[in-house]
Amino acid sequence: MENSDLPFDVRVECYAGYRSEEAPRRFFIGARQVEVVEVIDRWISPEHRYFKLRGDDGGVYILRHDAEAGRWEITLYDSGRVEGTRLSST
């Protein structure tokens with residue numbers, strides 16, 4: 001996936017925590033399923049909620065949720081395979 005391909009529509013399954021805040025649990029890119037192993041960060045803007053996630057494939061993703069439109073998008077993907085972009089797991 002190249003940056004020119006972003007944002008990219010995605011299907012997301014969420015769970016609600018004890019504070020009723022939804023967070024992605026897994027997402028689907030076409031038929032491919034990615035399990036969320038870590039929520040690295042989350043933040044909100046006036047129009048969107050963002051989640052920076054590590055997938056079970058080792059990739060780091062930023063998913064954007066437009067609650068009004070009911071739409072999720074991938075706005076960033078980093079495979080973690082390039083030394084300069086790899087995030088530590090701590």
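How many residues lie between S3 and S4 in their hairpin, and which turn residue has a positive phi? There are 2 residues between the two strands, and Gly30 in the turn is the one with a positive phi, of about 65°. This is a predicted model, so please read every value below as computed from predicted coordinates.

## The overall picture

Let's start with the whole chain. The protein chain has 7 strands and 0 helices, and from the N terminus on its elements run β-β-β-β-β-β-β. Of its 90 residues, 32% count as buried. Taking contacts between residues at least 6 apart in sequence, 27% join residues at least 24 apart.

## Strand S3 and its hairpin partner

Strand S3 covers residues 22-29 and is mostly covered, with 6 of its 8 residues buried. Its hairpin partner S4 spans residues 32-44; the two strands run antiparallel and are joined by 4 bridges. Beside the turn, Ile29 stands opposite Arg32 in S4.

Arg26 is a good residue to look at in this part of the model. Arg26 lies in strand S3 and counts as buried because its relative accessibility is 16%, under the 20% cut-off. What does the side chain of Arg26 make a polar contact with at 2.6 Å? The partner is the side chain of Glu13. A further polar contact, at 2.8 Å, links the side chain of Arg26 to that of Glu35. Leaving aside neighbours within four places in sequence, Arg26 is in contact with Arg11, Val12, Glu13, Gln33, Val34, Glu35 and Val36.

Another arginine meets an aromatic ring: Arg11 lies over the face of Phe28, at 3.9 Å from the ring centre.

## The nonpolar core

The largest nonpolar core has 13 residues, and Val10, Phe27, Leu63 and Ile74 touch the most other members. Elements giving two or more residues to this core are S3, S4, S5, strand S6 (60-66) and S7. Strand S3 gives the most to this core, with 3 residues.

Phe27 also belongs to an aromatic cluster, which it forms with Tyr61 and Tyr77.

## Aromatic pairs

The count of aromatic pairs comes to 4. Two of them are set out here.

| Pair | Arrangement | Centre to centre | Angle between planes |
|---|---|---|---|
| Trp43 and Tyr50 | stacked | 5.4 Å | 10° |
| Phe51 and Trp72 | tilted | 5.9 Å | 35° |

The pair of Phe51 and Trp72 links distant parts of the chain: Phe51 is in strand S5 (residues 49-55) and Trp72 is in strand S7 (residues 71-78), 21 residues apart. Are these two rings buried or exposed? Phe51 is buried, with a relative accessible area of 2%, and Trp72 counts as buried at 10% relative accessibility.

In the stacked pair, the two partners fall into separate classes. Tyr50 has a relative accessible area of 16% and is therefore buried, whereas Trp43, at 34%, is partly exposed. The reasoning rests on the cut-offs: buried means under 20% relative accessible area, exposed means over 50%, and partly exposed is in between.

## Pulling it together

Strand S3 is a handy thread to follow through this model. S3 pairs with S4 through 4 bridges, holds the buried Arg26, and gives the most residues to the largest nonpolar core. If you have the structure open, Gly30 in the turn is a friendly place to begin, with Arg26 and its polar contacts to Glu13 and Glu35 as the next stop.

Definitions and conventions. Residues are numbered from 1 along each chain as its sequence is written. This is a predicted model: local features need pLDDT of at least 70, side-chain atom pairs count only at pLDDT 80 or more; totals for chains, interfaces and linings use all residues. Side-chain values use heavy atoms; hydrogens and water are left out. Buried means under 20% relative accessible area, exposed over 50%, partly exposed in between (1.4 Å probe, protein chains only). Two strands pair if DSSP finds at least two bridges between them. Rings of Phe, Tyr and Trp (its six-membered ring) pair if their centres lie within 6.5 Å; planes under 30 degrees apart count as stacked, over 60 as edge-to-face and the rest as tilted. A charge sits over a ring if NZ of Lys or CZ of Arg is within 6 Å of the ring centre and within 35 degrees of the ring normal. A polar contact is a pair of N or O atoms within 3.5 Å; within protein, one must be able to donate a hydrogen and the other to accept it, and residues adjacent in sequence count only if both atoms are side-chain atoms. Contact means heavy atoms within 4.5 Å. A nonpolar core is a set of buried Ala, Val, Leu, Ile, Met, Phe, Trp, Tyr and Cys residues joined through side-chain atoms within 4.5 Å.
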